[in-house]
Amino acid sequence: MYLIGSTIVYHTMFDKRLLRHPHFLPNQIRLEIQQGVRAIPVIAVLTTPFFLAEIRGWSKLYDFSDEAPFREYTWLQYILFVCFTDCGIYWIHRWLHYPPIYRWLHKPHHKWIVPTPFASYAFHPVDGWSQSLPYHIFPFLFPLQKVAYLSLFMFVTLWTVLIREYTIKLGG
């Protein structure tokens with residue numbers, strides 16, 4: 001999903017004029033892809049315990065929408081998920097900027113001053129994993145329908161790629 005999504009966004013939405021930006025590094029896209037491809041397997045291994053716990057039934061995931069705590073929860077779970085995860089990621093990201101941690105974990109991600117969509121996973125694996133924790137913790141604290149979980153995971157993956165494009169356009 002990372003390579004396909006990033007490639008599609010790069011060719012359809014990414015402003016190619018940014019490739020001429022003075023802070024765009026030589027061979028940057030290749031370096032972003034290399035860092036992302038190295039990080040993803042480590043993130044996957046670190047995330048495996050959460051998926052195993054879900055498979056073993058230790059989470060609050062449920063199969064069908066009629067198993068929701070109440071009828072409106074079928075739609076409310078999406079809002080709760082986005083609010084919970086966004087808040088969690090904000091605080092984790094703040095923590096990653098604590099000086100001793102920043103130098104070790106988060107600084108590689110800020111190497112990309114003018115990021116392309118390929119920078120969406122181009123960071124230290126523990127940095128990426130720590131910022132994914134809210135997504136994996138949510139179904140252990142709140143009920144979440146399995147199809148909603150998969151849909152939200154795909155949305156978050158796409159959003160991770162797209163946010164790099166909009167951050168640049170907004171000057172952030």
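In what pattern do the helices and strands of the chain follow one another along the sequence? In this predicted model, the order is α-α-β-α-α-α-β-α when the chain is read along its sequence. The secondary structure thus comes to six helices and two strands. The radius of gyration of the chain is 17 Å, close to the 16 Å that the globule rule gives for 172 residues, so the chain is as compact as a globular protein of that length. Taken along the principal axes, the box filled by the C-alpha atoms is roughly 55 × 35 × 25 Å.

Several totals describe the chain as a whole. Of its 172 residues, 41% count as buried. Among the contacts in the chain with a separation of 6 or more, 79% are accounted for by residues 24 or more positions apart. The accessible surface comes to about 10,300 Å², and carbon and sulfur atoms make up 70% of this area. The side chains include 15 positive and 10 negative ones, and a distance of 13 Å lies between the centres of the two sets.

Helix H1 covers residues 2–12 and helix H2 covers residues 28–55. The loop between these two helices contains asparagine 27. The phi angle of asparagine 27 is near 60°, which is a positive value in a residue other than glycine.

Two residues of helix H2 were examined, namely threonine 47 and glutamate 54. Threonine 47 has a relative accessible area of 5% and is buried, as the cut-off for a buried residue is under 20%. When neighbours within four places in sequence are left aside, the residues in contact with threonine 47 are Trp129, Ser132 and His136. Glutamate 54 is also buried, and its relative accessible area is 12%. Not counting residues up to four places away in sequence, glutamate 54 touches Ser59, Leu61, His136, Pro139, Phe140 and Tyr149. His136 therefore appears in the contact list of threonine 47 and in that of glutamate 54, where contact means heavy atoms within 4.5 Å. One of the partners of glutamate 54, proline 139, is 85 residues away along the chain, and the C-alpha atoms of the two residues are separated by 8.3 Å.

Serine 65 lies in the loop that joins strand S1 (61–62) and helix H3. With a relative accessibility of 42%, serine 65 counts as partly exposed. Its contacts, apart from residues up to four places away in sequence, are with Thr74 and Gln145. Serine 65 and glutamine 145 are 80 residues apart in sequence, while their C-alpha atoms are 6.5 Å apart in space.

Helix H3 spans residues 73–96 and has 24 residues. At 1.5 Å a residue, this helix should span 34 Å, and the 33 Å between its end C-alpha atoms agrees with that value. The buried residues of H3 are Tyr73, Gln77, Phe81, Thr85, Gly88, Ile89, Ile92 and Leu96. For threonine 85, in helix H3, the relative accessibility is 4%, and the residue counts as buried. Outside the residues up to four places away in sequence, threonine 85 touches Pro134 and Tyr135. Threonine 85 and histidine 106 are 21 residues apart along the chain, and their C-alpha atoms are separated by 19 Å.

Phenylalanine 123 is located in the loop between helix H4 (99–106) and helix H5 (125–141). Although it is a loop residue, phenylalanine 123 counts as buried, at 9% relative accessibility. Not counting residues up to four places away in sequence, the residues touched by phenylalanine 123 are Gln35, Ala39, Ile43, His109 and Gly128. Between phenylalanine 123 and arginine 56 there is a separation of 67 residues along the chain, and their C-alpha atoms are separated by 31 Å.

Definitions and conventions
Residues numbered from 1 in each chain as written. Heavy atoms only, no water. Helix = DSSP H or I, 4+ residues; strand = E, 2+ residues; numbered from the N terminus. Rg over C-alpha atoms; globule rule 2.2 N^0.38 Å. Buried < 20%, exposed > 50% of the residue type's maximum accessible area, 1.4 Å probe, protein only. Areas by Shrake-Rupley, 256 points an atom, 1.4 Å probe, with all protein chains shown as cover. Lys, Arg positive; Asp, Glu negative; His and termini not counted. Charge placed at Lys NZ, Arg CZ, Asp CG, Glu CD. Expected span 1.5 Å × (residues − 1).
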